[in-house]
Amino acid sequence: MALNLVMLGPPGAGKGTQAVRVEQERGIPQISTGDILREAVQAGTDLGRQAQAVMERGELVSDALMVAIVRERLARDDTRDGFILDGFPRTVAQAVALDEILAGRDPLIVVELGVPDQALVERLSRRRVCRECGATYGAGAGAVPAACTGCGAPLVARKDDREEVVQERLRVYREQTEPLVAFYQDRSTFRRVDGNQPADAVRIAIGGAIDAAQAAVHVQPTPAG
Ligand code: AMP
């Protein structure tokens, strides 16, 4: 069975960090819509020009644009054994579109990472990213090195990790993305994990949640349609 996984949770919950670990452990691609947009901004493409100002304000890029990006990405062969979506869906409209994109494929498994607001603000103010490869440091318990341990490039703060933008991103999360918990929570493949623990404990909890959700698929026939 393919592992079609959505990591849900507020900014700073550790979705990206944990998605990379699942990618390494299970050999399926991590798809971060935030990374896709940041790469487009850096490359100066049309998409990047459309997204940049919206991202710097902490608001959401349009559903139509995001759904088109994800539809194209999930059509690629490397997602046949599964994928990890990080940062998508972020609205109910995106979640409805995702169900439609995945019709006929194995059921979606949704893991929500819960972290209290105060911890999120602290994590985001500490977070630094590699200017070249995008690797993230310091958002979890770990210390921030002087430079990227992967490629040696300098580390910088994300523009949208400034305090006032963080507050806006949290507000947008509560208003537009948190309703997704209600959208998904009655599914047998929905699991909530405590994200407010050391990264390794979160990783283990996510592994258990994925296994339990996959087992739930085997005992419950998927509804027709
Ligand atoms: P992230 O790296 O997931 O925190 O995303 C950074 C920013 O990219 C967000 O604050 C949004 O402006 C934009 N973004 C990423 N994913 C989405 C999405 N699924 N829908 C709308 N905007 C998005």
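1. Does Phe183 count as buried, partly exposed or exposed? Phe183 counts as partly exposed, because its relative accessibility is 28% and the partly exposed class lies between 20% and 50%. This value, like the others in this note, comes from a predicted model.

2. The residue Tyr184 counts as buried, because its relative accessibility is 0%, and buried means under 20%.

3. There is one aromatic pair in the structure. Its members are Phe183 and Tyr184, with 5.0 Å from centre to centre and 85° between the planes, which makes the pair edge-to-face.

4. Turning to the sheet, five strands make it up, and it is open. The order is E2-E3-E1-E4-E8, with parallel pairing. Strands E2 (30–32) and E8 (190–194) stand at the edges; each has a single partner strand, so one side of each has no neighbour in the sheet. On average, neighbouring strands of this sheet are turned by 20° against each other, direction ignored.

5. As background, strands of a sheet pair through backbone hydrogen bonds, and the pairing is either parallel or antiparallel. Here, strand E4 (residues 108–114) pairs with E8 in the parallel sense, over five bridges. Opposite Val110 stands Phe190, a residue of E8.

6. Helix H9 (residues 199–219) packs on the sheet, where it touches strand E1 (3–8) as well as E4 and E8. The direction of H9 makes about 165° with that of E8.

7. Helix H2 (residues 33–43) lies across E2 and strand E3 (82–86). The angle at which H2 runs to E2 is about 60°.

Notes. Residues are numbered from 1 along each chain as its sequence is written. This is a predicted model: local features need pLDDT of at least 70, side-chain atom pairs count only at pLDDT 80 or more; totals for chains, interfaces and linings use all residues. Side-chain values use heavy atoms; hydrogens and water are left out. Rings of Phe, Tyr and Trp (its six-membered ring) pair if their centres lie within 6.5 Å; planes under 30 degrees apart count as stacked, over 60 as edge-to-face and the rest as tilted. Buried means under 20% relative accessible area, exposed over 50%, partly exposed in between (1.4 Å probe, protein chains only). Two strands pair if DSSP finds at least two bridges between them. Helices (H or I, at least four residues) and strands (E, at least two) are DSSP runs, numbered from the N terminus. Axes are lines fitted to C-alpha atoms, for helices over the stretch in contact, and angles run from 0 to 180 degrees between N-to-C directions. Contact means heavy atoms within 4.5 Å.
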